[in-house]
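Please open the model in a viewer with side chains available for display. The tour below proceeds by selection, and each stop describes what is found there.

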Amino acid sequence: MTLTRRFDDSDYKADLLNLFKPGNGARPPLLAGRTAELARLGQYLTGIQGKRDSDGHLLSQVPHDIILYGPRGNGKTCLMERCRREAVRQGIDALDLRPGQVGTLEKLAGQLLFNDDKALWKLLKKGAPASLRLGLPSLAEAEWRALPPADKARLRADYLVPLLAVRCAAAPLLVAVDEAHTLDPEAGRTLLNVSEQVRKQGLPFLLILAGTPNLEERLDRMDATFWSRAKKLGIGRLDEAATKTALADPLAGKGVTFDPPALDEVVEESQCYPYFIQLWGEVLCNALLEARSDVVTPDIVAAARPEAHKERDHYYGVRYNEFRKRGLIGAAVTTAEAFVRDQAHYDTLLERLGGDSAALDQLHELGYLWRQDGSQLCEPGIPSLMDYVRVEASRRPAPVGKPAAV
């Protein structure tokens with residue numbers, strides 16, 4: 001197909017326009033830069049398929065849950081969805097849940113044990129393997145059918161652990177909960193403790209929780225058994241090489257190439273932030289179609305830049321107002337000024353904020369700055385967001401709230 005005919009082809013246009021997907025949890029055309037995380041998740045999927053004992057029961061090789069945490073827009077949801085789809089491909093039962101679906105013990109039990117009465121009756125009828133000794137109630141089918149819905153819901157809740165054990169003995173189960181930092185504490189505590197109790201029986205159950213950087217703090221408040229032993233995977237921005245791959249490879253699949261200087265420009269503009277990578281991919285595709293070009297040149301980047309900056313500044317405006325409502329503008333400006341290069345020590349930031357650890361923790365929770373588990377080195381969540389906050393703060397009246405000490 002010649003270049004002219006390609007750009008007259010409606011299917012090609014549609015493919016290019018829908019290639020990149022900036023949005024909340026939308027699947028990117030290429031999940032670049034997450035090789036280590038995908039490998040670790042793959043090991044866990046292999047683990048819950050496990051081996052069988054002499055009685056034919058599955059034995060779990062998963063010693064703990066998985067915690068995915070990091071600033072919004074860095075691809076936690078996409079990573080978890082990729083894991084879920086791979087689990088299904090391997091024949092593993094997989095549940096994709098949100099906090100609102102498990103806000104009470106009854107709702108949680110309903111999700112984990114089938115809201116369908118027939119499926120639940122099969123679990124009751126089958127009973128737990130003798131080796132598990134889980135004490136399920138003995139009910140005749142007539143008694144079961146006579147139970148009102150409220151009693152069936154209570155039965156699910158009261159016997160959640162043994163019934164879930166029966167389910168996992170039949171087939172491995174993956175439960176993925178996104179936005180887990182918003183979990184109701186009681187429901188979260190129950191979920192974490194159920195996971196530990198079922199896995200302690202040697203059964204194939206894997207729980208993945210994903211949330212913002214304050215997820216660990218939220219889990220601490222739940223006071224759940226053994227959650228601190230979970231495998232923690234921090235998800236931050238990509239490196240430059242992965243960013244180039246995420247931009248160039250999907251376009252190469254459509255016959256589009258990058259001039260190296262143009263690719264360097266877009267990498268810098270994107271800040272290696274996955275949401276912005278998808279945003280830039282989208283505006284570049286629009287510019288390519290407008291110019292009827294199959295090469296991303298500096299001129300194409302220049303043509304795409306106004307739309308990219310418009311969307312970026314709108315996003316930053318929302319983030320700025322979030323800081324303002326929490327009285328964090330002063331702390332955000334002071335924090336931005338502390339990043340002379342690309343990293344700063346936590347204690348240095350705390351000193352510049354006059355010891356206001358609450359403000360620093362909130363900025364971390366909101367993804368304004370970021371540090372990996374156990375590290376004292378912090379980095380900007382998005383460097384250009386810090387620049388935006390400094391400029392906007394100089395233009396607007398002083399915010400109401402406690403000013404940060406310098």
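With which residue does Arg326 form a salt bridge? Select Arg326 and Glu365: the two form a salt bridge, with their closest N and O atoms 3.5 Å apart. A salt bridge here is a side-chain nitrogen of Lys or Arg within 4 Å of a carboxyl oxygen of Asp or Glu. The pair links distant parts of the chain, since Arg326 is in the loop between α15 and α16 (329-338) and Glu365 is in helix α18 (residues 357-365), 39 residues apart. Arg326 counts as partly exposed because its relative accessibility is 36%, and Glu365 is partly exposed at 22%. The classes are as follows: buried is under 20% relative accessible area, exposed is over 50%, and partly exposed is in between, with a 1.4 Å probe and protein chains only.

Before moving on, note that this is a predicted model, in which local features need pLDDT of at least 70 and side-chain atom pairs count only at pLDDT 80 or more, while totals for chains, interfaces and linings use all residues. Residues are numbered from 1 along each chain as its sequence is written, and side-chain values use heavy atoms, with hydrogens and water left out. Helices (H or I, at least four residues) and strands (E, at least two) are DSSP runs, numbered from the N terminus.

**Further salt bridges**

The structure holds 19 salt bridges. Select Arg72 and Glu322, one of these pairs, whose closest N and O atoms are 3.2 Å apart. Arg72 is in the loop between β3 (66-69) and α4 (76-89), whereas Glu322 is in helix α15 (residues 298-325), so that the pair links parts of the chain 250 residues apart. Arg72 is partly exposed at 31% relative accessibility, and Glu322 is partly exposed at 21%. Add Arg319 to the selection: salt bridges that share partners join Arg72, Arg319 and Glu322 into one network.

Next, select Arg85 and Glu81, whose side chains meet in a salt bridge at 3.7 Å, N to O. Because they are four residues apart in helix α4, about one helical turn separates Arg85 and Glu81. An α-helix has 3.6 residues a turn, so residues three or four places apart point the same way. Arg85 is partly exposed at 28% relative accessibility, as is Glu81 at 21%.

**Strand β5 and its partners**

Select residues 173-177, strand β5, where five of the five residues are buried. Leu173, Val175 and Val177 point one way, and Leu174 and Ala176 point the other way. Strands pair if DSSP finds at least two bridges between them. Add strand β4 (residues 93-97), which pairs with β5 in the parallel sense over five bridges; there, Ala94 has Leu174 as its bridge partner. Then add strand β6 (residues 205-211), which also pairs with β5 in the parallel sense over five bridges; Val177 has Leu209 as its bridge partner. From β5 the chain passes through helix α10 (residues 185-200) to β6 in a right-handed β-α-β crossover. Right-handed signifies that, with the strands pointing away from the viewer, the path from the first strand over the helix to the second runs clockwise.

**Helix α12 and Ser270**

Select residues 240-252, helix α12, which has 13 residues and reaches 18 Å from its first C-alpha to its last, close to the 18 Å expected at 1.5 Å a residue. The expected span is 1.5 Å times one less than the number of residues. At the start of α12, a side-chain oxygen of Asp239 reaches to within 3.3 Å of the backbone nitrogen of Ala241. The buried residues of α12 include Ala242, Thr243 and Leu247. Those buried residues pack against α2 (10-17), β8 (257-258), α13 (260-270), α14 (274-291) and β9 (295-296).

Now select Ser270, which is found in helix α13 and is buried at 0% relative accessibility. Its side chain reaches the backbone oxygen of Val267 at 2.9 Å. Neighbours within four places in sequence aside, Ser270 is in contact (heavy atoms within 4.5 Å) with Thr243, Phe276, Ile277 and Trp280.

**Thr335**

Finally, select Thr335 in helix α16, which is buried at 1% relative accessibility. Thr335 and Leu369 are 34 residues apart in sequence and 8.6 Å apart in space, C-alpha to C-alpha. Beyond its neighbours within four places in sequence, Thr335 is in contact with Leu349, Leu353, Leu360, Leu363, Tyr368, Leu369 and Met386.

Definitions and conventions: A polar contact is a pair of N or O atoms within 3.5 Å; within protein, one must be able to donate a hydrogen and the other to accept it, and residues adjacent in sequence count only if both atoms are side-chain atoms.
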